[in-house]
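Me: I have a model open here and would like to go through it piece by piece. Can we start with one of the loops and work outwards?

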Amino acid sequence: MTHLALLCHVPARSRSVAADIRSKGWSITQGLVLPGHLAQIDAWRKEVVIPKNFRERLVCPSLEKEVANWVLAHELAHIHLHLESILQGHRTEAMERAAADWALHYLVPASQLRDHPDIRGMASATKSQRWARMARAAEYFQVPTAAVESAMIRYGMAQGHVYLVSDFVYLAA
């Protein structure tokens with residue numbers, strides 16, 4: 001599949017997470033965010049708040065768009081899953097894990113990941129080709145490469161970590 005064809009088939013969800021947030025009656029604003037966080041929600045104001053220095057908070061600023069997609073999807077997950085708890089002042093690690101899992105399924109659907117040509121060809125890839133394949137899939141889904149890796153592991157398509165290429169085992173479907 002050509003690059004242009006891939007762009008024509010980018011999942012609608014990853015094209016505009018912001019539009020999905022706004023369709024729920026929420027706004028996305030810039031403001032103060034807790035140190036160490038890339039966003040937070042103000043449930044009373046129905047706002048997703050992004051820090052003014054978002055780009056500076058990133059370890060890899062060149063991935064700003066991909067990280068923003070992930071962060072916004074994570075916050076959208078809280079809106080869908082935990083709004084009542086957040087309004088009551090509750091925040092737990094379990095809620096964070098659930099939001100991360102929801103964001104993963106939202107941005108990188110299992111069927112689309114399995115059908116991506118670079119992922120389908122992963123079984124025949126050499127260790128040195130795996131990273132490039134992961135990066136192309138991440139570009140397609142508009143997420144950080146780590147999200148594609150997590151999705152592959154979550155969906156039972158891989159074991160281990162791609163970053164540790166020798167420990168990564170692709171499980172052919």
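Reply: This is a predicted model, and a reasonable place to begin is Met157, which sits in the loop between H10 and strand E4 (158–159).

Me: Is Met157 buried or exposed?
Reply: Met157 has a relative accessible area of 3%, and because the cut-off for buried is under 20%, Met157 counts as buried.

Me: How far is Met157 from Ile119, in sequence and in space?
Reply: Met157 and Ile119 are separated by 38 residues along the sequence, while their C-alpha atoms lie 9.1 Å apart in space.

Me: What does the backbone do just after H10?
Reply: Just after H10 comes Gly156, whose phi is positive, at about 75 degrees.

Me: And which residues of H10 itself are buried?
Reply: In H10 the buried residues are Thr145, Ala147, Val148, Glu149, Ala151 and Met152.

Me: Which side chain does Arg154 meet in a salt bridge?
Reply: Arg154 pairs with Asp101, with a nitrogen-to-oxygen distance of 2.6 Å. This salt bridge ties together distant parts of the chain, since Arg154 belongs to helix H10 (residues 145–154) and Asp101 to helix H6, 53 residues apart. Asp101 is partly exposed, at a relative accessible area of 22%.

Me: How many salt bridges are there altogether?
Reply: The count comes to six salt bridges. Among them is the pair Glu64 and Arg55, whose side chains meet at 3.0 Å, N to O; Glu64 is partly exposed at 30% relative accessibility, and Arg55 is likewise partly exposed, with a relative accessible area of 38%. There is also a network of salt bridges that links Asp118, Arg133 and Arg136.

Me: What about Arg91, which partner does its side chain meet?
Reply: The side chain of Arg91 meets that of Glu96 in a salt bridge of 3.7 Å, N to O. Arg91 is partly exposed at 40% relative accessibility, and Glu96 is also partly exposed, with a relative accessible area of 24%.

Me: Changing topic to pockets: how much space lies in the largest one?
Reply: The largest pocket holds about 380 Å³ of space. Its lining is made up of 18 residues, and those that lie nearest the centre of the pocket are His37, Ala39, His74, Glu75 and Glu96. Glu96 therefore appears in two places in our discussion, as a residue lining the largest pocket and as the salt-bridge partner of Arg91, with Glu96 being partly exposed.

Me: Which elements supply the lining of the largest pocket?
Reply: Strand E2 (40–42), helix H5 (64–87) and helix H6 (93–107) each contribute at least two residues to the lining, and the largest share, six residues, comes from H5.

Me: How does the lining of the largest pocket divide by class?
Reply: The lining has 10 nonpolar residues, five polar residues and three charged residues.

Me: Back to H5, then: where does H5 bend?
Reply: H5 bends at Leu81, by about 80 degrees. The end-to-end distance of H5 can be set beside that bend: the helix has 24 residues, yet its end C-alpha atoms are only 29 Å apart, short of the 34 Å that a straight helix would reach at 1.5 Å a residue. Just after H5, Gly89 takes a positive phi of about 85 degrees.

Me: And what span does H6 reach?
Reply: H6, with 15 residues, reaches 21 Å from its first C-alpha to its last, which is close to the 21 Å expected at 1.5 Å a residue. The buried residues of H6 are Met95, Ala99, Ala103, Leu104, Tyr106 and Leu107.

Me: Which residue in the loop between E2 and strand E3 (47–51) should I look at?
Reply: Lys46 is in that loop, and Lys46 has a positive phi of about 55 degrees although it is not a glycine. With a relative accessible area of 36%, Lys46 is partly exposed.

Me: And Gln142, what is its phi?
Reply: Phi of Gln142 is near 60 degrees, again a positive value in a residue other than glycine. Gln142 lies in the loop between helix H9 (127–141) and H10, and at 14% relative accessibility Gln142 counts as buried.

Technical notes
Residues numbered from 1 in each chain as written. Predicted model: local features only at pLDDT ≥ 70, side-chain atom pairs only at ≥ 80, totals over all residues. Heavy atoms only, no water. 1 Å grid on protein atoms, 1.4 Å probe; cavity = no way out; pocket = protein on both sides within 12 Å on 5 of 7 lines; lining within 4 Å. Points joined across faces, edges and corners; volume = space filled by probe spheres on them. Helix = DSSP H or I, 4+ residues; strand = E, 2+ residues; numbered from the N terminus. Nonpolar A, V, L, I, M, F, W, Y, C, P; charged D, E, K, R; others polar. Expected span 1.5 Å × (residues − 1). Bend = angle between axes of the 7 residues up to and from the residue. Salt bridge = Lys/Arg side-chain N within 4 Å of Asp/Glu carboxyl O. Buried < 20%, exposed > 50% of the residue type's maximum accessible area, 1.4 Å probe, protein only.
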